[in-house]
Number of protein chains: 2
Amino acid sequence: MPSRTIAAKELATIFKVVGHPDRVRMIEELRAGEKDVNTLVKSLDLPGPRVSQHLSLLRAHRMVEERRDGRHHFYHLSQPEIAGWITEGLNFVEGRMSVNSTAIAAARELWSTEDTSSEPT
Amino acid sequence: MPSRTIAAKELATIFKVVGHPDRVRMIEELRAGEKDVNTLVKSLDLPGPRVSQHLSLLRAHRMVEERRDGRHHFYHLSQPEIAGWITEGLNFVEGRMSVNSTAIAAARELWSTEDTSSEPT
DNA sequence: TCGCTATCTTCAAAGATGTGCAGATGTAGA
DNA sequence: TCTACATCTGCACATCTTTGAAGATAGCGA
């Protein structure tokens, strides 16, 4: 199989994994640093099992890593730069139809400023 | 609906659209400039209707634009920079399991050098 | 003009995959 | 044991993908 076919398949996999609103939001939540499952459940306002499933998928694709402390499971991005890359996608969202572009601008504002990731002290 | 929810939904849509190997390859093919459908069919080695369907989806999301000349339908990226953005995703592919990383490196080589897009003379 | 061919799109149906939910099952601390 | 935290399982539902056949449009030659 030619290398560009392999690469296309792998890239598509990544895109597919990120291609869900809940998961996009989870990654953006984790941009600011590690969080435990319950915190995510509350801040995303989603049922527990659902968050758990999304995390399990992200974990399977090595996009997040788990750290356990007692009964708390903390997750963090294994490649924090991925959050910035995702945000860059907003450039291709703007200018498309059926989009409230002020909402996009606001989100970009929110997500570009919070880059306090994984830099311990 | 909060702006980050809207943005997450829109972003997820983009990711989902790009989240298919055929479509990744199509976008990378179009990076070098516009091509007609038959050329894509041959270079991707895919059945015609399938290419057409993928193009139709990309068109619906304003990622490509069509130009007709006789019986030929030419397509080009409406935002050529999107190809570079997709290639950046390779950074997050490398280092994951079950991936032949030399193939990824080769693909990056291929795709990063071909940036002769939409610059007419 | 008529028929033929090439190019491309659309449609419908079957199969594959992803999602959402509810309930059961771990796991750790009190 | 009881409770809180989190995951896992199985099923119904929805969406995506693939394929083949049919439809639209444009050029070409008799």
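This is a short tour of two protein chains, the DNA strands beside them and a couple of helix pairs. Keep in mind that the model is predicted.

**How the two chains meet**

Let's start with the pairing of chain A and chain B. On the chain A side, 39 residues are in contact with 39 residues of chain B. Several pieces of chain A take part: helix 1 (3-18), helix 2, helix 5 (81-88), helix 6 (90-93) and helix 7 (101-113) each bring at least two residues to the side that touches chain B. Helix 1 of chain A gives the most, with 13 residues. Sorted by class, the side of chain A that touches chain B has 23 nonpolar, 7 polar and 9 charged residues.

How are the two copies related? Two copies of a chain are related by a rotation about an axis and a shift along it. Here, turning chain A by 180° with 0.0 Å of shift along the axis lays chain A on chain B, with an RMSD of 0.0 Å. That is the relation of a two-fold axis. Both copies use the same surface, too: 100% of the contact residues of chain A recur in chain B.

**Around the DNA**

Now for the DNA, starting with strand D. It has 19 residues around it, and the closest are A:V37, A:N38, A:P49, A:S52 and B:G70. If you want to find the elements involved, look at helix 3 (37-44), helix 4 (48-60) and strand 3 (72-77) of chain A, plus helix 4 (48-60) of chain B, which give two or more residues to the surface near DNA strand D.

DNA strand C also has 19 residues around it, and here B:D36, B:V37, B:N38, B:P49 and B:S52 come nearest. The surface near DNA strand C takes at least two residues from each of helix 4 of chain A and, in chain B, helix 3 (37-44), helix 4 and strand 3 (72-77).

Here are the two surfaces, one per row.

| DNA strand | Element that gives the most | Residue classes on the surface |
|---|---|---|
| DNA strand D | Helix 4 of chain A, 5 residues | 5 nonpolar, 9 polar and 5 charged residues |
| DNA strand C | Helix 4 of chain B, 6 residues | 5 nonpolar, 9 polar and 5 charged residues |

**Two helix pairs up close**

Packed helices come next. Two packed helices are described by the angle between their axes and the distance between the axes.

Take helix 2 (residues 21-30) and helix 3 of chain A. Their axes come within 11 Å and cross at roughly 120°, so helix 2 of chain A and helix 3 of chain A are oblique to each other. Helix 2 of chain A passes helix 3 of chain A in a right-handed crossing. On one side of this contact sit A:D22, A:R25, A:M26 and A:E29 of helix 2, and they meet A:L40, A:S43 and A:L44 of helix 3. By class, that contact has 3 nonpolar, 1 polar and 3 charged residues.

Over in chain B, helix 2 (residues 21-30) packs with helix 5 (residues 81-88) at an angle of about 130°, and their axes are 9 Å apart. Helix 2 of chain B and helix 5 of chain B are therefore oblique to each other. Which hand does the crossing of helix 2 and helix 5 of chain B have, left or right? The crossing is left-handed. B:V24, B:I27 and B:E28 of helix 2 make the contact with B:I82, B:A83 and B:I86 of helix 5. The residues of the contact of helix 2 with helix 5 in chain B are 5 nonpolar, no polar and 1 charged.

Terms used:
Residues numbered from 1 in each chain as written. Chains lettered and ligands numbered in written order. Predicted model: local features only at pLDDT ≥ 70, side-chain atom pairs only at ≥ 80, totals over all residues. Near = placed C-beta within 6 Å. Helix = DSSP H or I, 4+ residues; strand = E, 2+ residues; numbered from the N terminus. Nonpolar A, V, L, I, M, F, W, Y, C, P; charged D, E, K, R; others polar. Axes fitted to C-alpha atoms, helices over the stretch in contact; angles between N-to-C directions. Parallel < 35°, antiparallel > 145°, perpendicular 65-115°, else oblique. Left-handed = near helix turned anticlockwise from the far one by under 90°. Contact = placed C-beta atoms within 7 Å. Least-squares fit on C-alpha atoms with pLDDT ≥ 70 in both.
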